[in-house]
Amino acid sequence: MRRNIVAGNWKSNELFSQADELINDIAEGLREFDNTDVDVIVCPPFPYLELVGDASEDVEFFVGAQNVSKFDNGAFTGEVSAKMLQSMNIDYCIVGHSERRKYFNETNQDVAEKVNKLLEADINPIVCVGESLAQREAGTHFDLIRSQVSEGLFHLDCEQIKKTVIAYEPVWAIGTGKTATKEQAQEVHAFIRAMLAEKYSDDVAQEVSILYGGSCNAKNARELFAQTDVDGGLIGGASLKAADFIEIARSF
Ligand code: PGA
C-alpha cells in the first residue's frame, strides 16, 4: 500500500551552522510524536547530507538528496553520482524539479537517465512533474504532465515504479504562496494514478505515493492530504522552519 510521505526540500538554502540548528530542531520535533503512519524525508544540499544523516541515527526519518548525476563515477567535474549517494546510505533523491528543468535545462530524457542510476543504486527517486501558469491557462497541463510522466518513468518495470515517488508540483504554486486548491491537486493526482493503472495495473498504481508540492504549509496541508490521491507533500519554504515542517508531518 502506498505510504504517506512528507519530504522537506531545503533547496539551496542555509549555511552550515543554520543547517545544523535546523536538523536538530526537526529531530527534536520528530522525537515527540509517533510517526509510524508517515515517512518523513529531509533533503538538504549535498554538503549537509552527512550532518542530516547523523541526526537520523537516533530518530526515525529518511535522508534525501536534491539531484544526482546521470553519469557514473569518473571525469565529470562537479557531479555527484548515485553510487556516492548510496555509499552514504541516502534513501531518496529528488529528480526533475522544475527549478532544475528551468535553470539547468533538464529534459525528460535526463530525468529518465537519473532515475535509472538511482534505482541501480537502490535509492528511491522522487520525480517532480508540473505545469507552468501559461500551460494551465492554455488548458494543456494534462498533456504536459502526461509527457513528463511517460517519458521520465514509463520505461520502468513494475517493481521499479513501485520504488518511485511522484511529486505533482504546479510551477505557478512553487514559492508563490498560491497553493493549488484541493480539487486542482486531486484532479491531477487522480490523472497520474490513472496513467499508472493503465500502463501497469490498478495494484501497482495503488503502491505509488503521489505527493503535492507548491506553497504547501502547516495551514493547508491537512486539507490537501485528505484528498483520495494525495499521499503527502514535497515541502520547500515551510521545511526550513522546524515547527511548521513537523506540523505538516502531523497533518494526516
Ligand atoms: P514551496 O516549494 O513549498 O516553497 O512552494 C516546493 C518545492 O519546490 O518543492
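A polar contact is a pair of N or O atoms within 3.5 Å. The views below show a predicted model.

**View 1. Polar contacts of the ligand with Gly236, Lys11 and Glu169**. At Gly236, a backbone N or O atom lies 2.8 Å from an oxygen atom of the ligand. Lys11 takes part through its side chain, where an N or O atom is 2.8 Å from a ligand oxygen atom. The side chain of Glu169 likewise has an N or O atom, here 2.7 Å from an oxygen atom of the ligand. Of the 280 Å² of accessible area that the ligand has on its own, the protein covers 95%.

**View 2. Surroundings of the ligand**. The ligand is placed in the second largest pocket. Around the ligand are 13 residues, of which Lys11, His97, Glu169, Gly175 and Ser215 come nearest.

**View 3. The largest nonpolar core**. This core has 71 residues. Those that touch the most other members are Ile26, Phe61, Ile192 and Leu196. Another core, of 12 residues, lies apart from it; Ile41, Ile94, Ile126 and Val165 are among its residues.

**View 4. Contacts of Ile192**. With neighbours within four places in sequence left aside, Ile192 is in contact with Val129, Ile145 and Val149, and also with Ile166, Tyr168 and Ile210. Ile192 belongs to the largest nonpolar core shown in the preceding view.

Key: Residues are numbered from 1 along each chain as its sequence is written. This is a predicted model: local features need pLDDT of at least 70, side-chain atom pairs count only at pLDDT 80 or more; totals for chains, interfaces and linings use all residues. Side-chain values use heavy atoms; hydrogens and water are left out. A nonpolar core is a set of buried Ala, Val, Leu, Ile, Met, Phe, Trp, Tyr and Cys residues joined through side-chain atoms within 4.5 Å. Buried means under 20% relative accessible area, exposed over 50%, partly exposed in between (1.4 Å probe, protein chains only). Contact means heavy atoms within 4.5 Å. A residue is near a molecule or strand if one of its heavy atoms lies within 4 Å of it. A polar contact is a pair of N or O atoms within 3.5 Å; within protein, one must be able to donate a hydrogen and the other to accept it, and residues adjacent in sequence count only if both atoms are side-chain atoms. Accessible areas come from the Shrake-Rupley method with a 1.4 Å probe; for residues, only the protein chains shown count as cover. On a 1 Å grid over the protein atoms alone, a cavity is a set of points where a 1.4 Å probe fits but cannot get out, and a pocket is an open set with protein on both sides within 12 Å along at least five of seven lines; lining residues have an atom within 4 Å of a point. A molecule sits in a cavity or pocket if more than half of its atoms lie within 2 Å of its grid points.
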